[in-house]
Amino acid sequence: MERPRILHMFTPGRQMSPFDINMAADAGYQIIVPYCEVGLDRIAALTQDTIFSRGPKGAARTGIFIGGRDALLAADMLERAKTSMVKPFVVSLMADPSGAYTTAAAMVACVEAALKRQGQALEGQRVLILGGTGPVGRVAGVIAALGGAEVFLSSRNGIDAAEEAAQETGRRFGVGLHGRSGGDPAAVRTSLGEADVLLACAAAGVQVVSAEALGAATRLKVAADVNAVPPEGIAGLGVMDDAKPLAGTKAVGIGALAIGNVKYQTQHRLLVQMCEADKPQVLGFAEAFAVARAFLAEQAAKTA
């Protein structure tokens with residue numbers, strides 16, 4: 001009898017996301033087991049319990065998914081799980097804390113595609129991320145910086161919070177990030193005036209850029225927003241907009257549901273890849289970005 005496909009899901013939070021459990025089931029995992037309130041110190045033991053109980057052949061049908069809400073902690077947990085395995089007892093691993101890795105990957109990939117249609121590249125762009133100290137904002141910043149952009153994480157809690165997040169995140173992932181204050185409308189307008197790309201990653205239902213503030217964004221090329229809850233995070237940017245001209249600017253806007261479709265496809269493809277792979281996979285935000293780009297390239301080829 002063929003062994004079932006098992007996914008062990010580790011989260012430092014009080015519960016595993018139902019969204020991720022549904023996605024895992026739809027990807028083909030037959031047994032899905034959540035483990036809650038798992039700290040970094042428990043990852044090695046849980047990983048070794050996972051790998052040794054099924055033998056090398058069973059390991060190919062076993063995976064570990066790391067959730068939570070902390071993008072940096074998830075990266076540490078993924079690395080700890082990877083280093084805790086003993087060949088040939090190796091299983092596939094994936095991290096996507098609060099969907100931050102796949103959402104950030106989808107967001108930056110959509111922006112990159114919009115820039116490409118303008119004859120531009122991500123490299124060399126000045127990217128402003130409002131809500132930049134949250135998990136999606138931090139990971140989007142890292143992905144953009146790895147692509148050659150100059151990235152500024154903005155926080156409504158002021159320059160100190162922004163700089164701390166930028167330095168902490170930059171050190172963890174080996175990129176240069178800068179902090180910007182978003183604590184008052186004047187600070188936001190100043191930052192917008194210097195931005196080529198705007199990423200709105202603030203909390204749902206919070207408008208971080210008003211129509212008046214957009215008037216300062218004279219060099220803006222692309223704006224993207226992951227907030228699907230009214231009011232829109234960026235004034236005038238609809239949730240379904242997909243590189244649609246953004247009123248009051250020379251930029252195009254990408255809405256939350258347009259990004260969400262790419263995020264869904266990216267997470268699904270990564271989980272299927274992990275579930276069906278003959279060799280162990282290690283999937284983080286870099287792999288998510290590659291998959292998001294590939295999906296958008298496929299879509300572009302269909303409409304060419």
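# Briefing: helix H6, the Phe285 cluster, a cavity and backbone features

Helix H6 is mostly covered, with 10 of its 12 residues buried. The structure described here is a predicted model. Tyr101, Phe173 and Phe285 form one aromatic cluster, and Phe285 also contacts residues of H6, including Val139. The points below treat helix H6, the surroundings of Phe285, the aromatic pairs, the cavity, and local features of the backbone.

**Helix H6**

- The helix comprises residues 135-146, and its 12 residues should span 16 Å at 1.5 Å a residue. The C-alpha atoms at its ends are 17 Å apart, which agrees with that expectation.
- The buried residues of H6 are Val136, Gly137, Arg138, Val139, Ala140, Gly141, Val142, Ile143, Ala144 and Ala145. Arg138 is thus listed among the buried residues of this helix.
- After H6 comes Gly148, which has a positive phi near 95°.

**Phe285 and its surroundings**

- Phe285 belongs to helix H11, which covers residues 285-303.
- The relative accessible area of Phe285 is 12%, so the residue counts as buried, the limit for that class being under 20%.
- Beyond its neighbours within four places in sequence, Phe285 is in contact with Tyr101, Ala105, Val139, Val142, Ile143, Leu146 and Phe173. Of these contact residues, Val139, Val142 and Ile143 also appear among the buried residues of H6.
- Between the C-alpha atoms of Phe285 and Glu164 the separation is 22 Å, and the two residues stand 121 residues apart along the chain.

**Aromatic pairs**

- The structure holds 4 aromatic pairs. One of them joins Tyr101 and Phe285 in an edge-to-face arrangement, with 5.4 Å from centre to centre and 85° between the planes.
- Tyr101 lies in helix H5 (residues 100-117) and Phe285 in helix H11, so this pair ties together parts of the chain that are 184 residues apart in sequence.
- Both Tyr101 and Phe285 are buried.
- The rings of Phe173 and Phe285 have centres 5.2 Å apart and planes at 85°, so this pair is edge-to-face; the angle required for that class is over 60 degrees.
- Distant parts of the chain are linked by the pair of Phe173, in helix H7 (residues 159-173), and Phe285, in helix H11, the two being 112 residues apart.
- Phe173 has a relative accessible area of 17% and is therefore buried.
- Together, Tyr101, Phe173 and Phe285 make up one aromatic cluster.

**Internal cavity**

- The count of cavities of 30 Å³ or more comes to 1. The largest cavity holds about 40 Å³ of space.
- Its lining consists of Arg126, Val127, Leu128, Phe152, Arg180, Ser191, Glu194 and Ala195.
- Strand S5 (residues 126-130) gives the most to this lining, with 3 residues.
- By residue class, the lining of the largest cavity divides into 4 nonpolar, 1 polar and 3 charged residues.

**Cis peptide bonds**

- The peptide bond from Lys87 to Pro88 is cis, and its omega is near 5°. Pro88 is placed in the loop between helix H4 (71-83) and strand S4 (92-95).
- Pro230 and Pro231 are also joined by a cis peptide bond, with omega about -5°. Pro231 is placed in the loop between strand S9 (222-225) and strand S10 (242-245).

**Positive phi outside glycine**

- Glu37, a residue other than glycine, has a positive phi near 55°. Glu37 lies in the loop between strand S2 (31-35) and helix H2 (43-52).
- With 53% relative accessibility, Glu37 counts as exposed, because that class begins over 50%.
- Ser98, likewise a residue other than glycine, has a positive phi near 55°. Ser98 is located in the loop between S4 and H5.
- The relative accessibility of Ser98 is 34%, so Ser98 counts as partly exposed.

Key
Residues numbered from 1 in each chain as written. Predicted model: local features only at pLDDT ≥ 70, side-chain atom pairs only at ≥ 80, totals over all residues. Heavy atoms only, no water. 1 Å grid on protein atoms, 1.4 Å probe; cavity = no way out; pocket = protein on both sides within 12 Å on 5 of 7 lines; lining within 4 Å. Points joined across faces, edges and corners; volume = space filled by probe spheres on them. Helix = DSSP H or I, 4+ residues; strand = E, 2+ residues; numbered from the N terminus. Nonpolar A, V, L, I, M, F, W, Y, C, P; charged D, E, K, R; others polar. Expected span 1.5 Å × (residues − 1). Buried < 20%, exposed > 50% of the residue type's maximum accessible area, 1.4 Å probe, protein only. Contact = heavy atoms within 4.5 Å. Phe/Tyr/Trp six-rings, centres within 6.5 Å; stacked < 30°, edge-to-face > 60°.
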